[in-house]
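Please open the structure in your viewer and keep the selection tool at hand. This tour tells you what to select next and what is there.

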Amino acid sequence: LDSSGPAGMLRVYLAGAFLTALCCALWKGFLLAWCKAAVPGFSLRHYFREYWSRIYPMLWATASESLAAPLNLYLVKKHYPQIWPEVRRFVVGVGAFLDINGTMICTIVLTTVVAGLLGIPLSWAQLALCVPLVFLIGFGVPGIPGELLLFALPLVQLLDLSGPASGAFLGIFLGLQLGLPDSFRTGTNSTDSCPLALLLNKIYARRHAGDKRPDDTEI
């Protein structure tokens, strides 16, 4: 990565942002392919036209999973009524805070970008350790813009940085995570809730096949 010149950091920022977007798109494709294969009647056209296109712009603009949670619950209820109410409320409601697939992707991408920019050697083992680190910290993340701020210092400790290197890593990481990367990771986090709810609903409905389905009178 070349950060020299007036537009150098802009190029680095855009590289981190669109690499995050690409990795999130690859993950989303895998998840939707899994849902398509496992859930009878699941339509990619219906998912993108009726669900994804109605919530993703809001997620992308606000970078807030919490703010979009009511709309997410409503859209999943409206367009996927086959999902049992308790499954929908759990997966979509709790997922506004604990669904951090996009956050893990963004953290690993930006860690790699910043380390490469600063010439910090980064092993595959350190990258792999980022996954449980992000997952555990994610339990305390409120689902708001710029929440990768909470991951920065633990990442510095994980990479065993000290002195000027730690300060440089923190400053660049915190700057790069705002804006586009934040929007792409948030959109992935929240829109994963729909296919994940469909996958869990298949298991739940099978295990409760003999039970009477409750009336769904609430969002």
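Helices (H or I, at least four residues) and strands (E, at least two) are DSSP runs, numbered from the N terminus. This is a predicted model, in which local features need pLDDT of at least 70 and side-chain atom pairs count only at pLDDT 80 or more, while totals for chains, interfaces and linings use all residues. Residues are numbered from 1 along each chain as its sequence is written, and side-chain values use heavy atoms, with hydrogens and water left out.

Begin by selecting Met9, which has its place in helix H1. Met9 is partly exposed, at a relative accessible area of 37%, where buried means under 20%, exposed over 50%, and partly exposed in between (1.4 Å probe, protein chains only). Now add Leu176, which lies 167 residues from Met9 along the chain, although the C-alpha atoms of the two are separated by 9.3 Å.

Next, select Ala63, in the loop between H2 and H3. Ala63 is buried, with a relative accessible area of 6%, and has a positive phi of about 55 degrees although it is not a glycine. Most residues other than glycine have a negative phi.

Finally, select residues 180-191, which form helix H9. At 1.5 Å a residue, the expected span (1.5 Å times one less than the number of residues) of these twelve residues is 16 Å, and the end C-alpha atoms are 17 Å apart, which agrees. Twelve of the twelve residues of H9 are buried, so this helix is largely enclosed by the rest of the structure. Its buried residues pack against (contact means heavy atoms within 4.5 Å) several helices, including H1 (8-38), H2 (44-62) and H10 (193-207).
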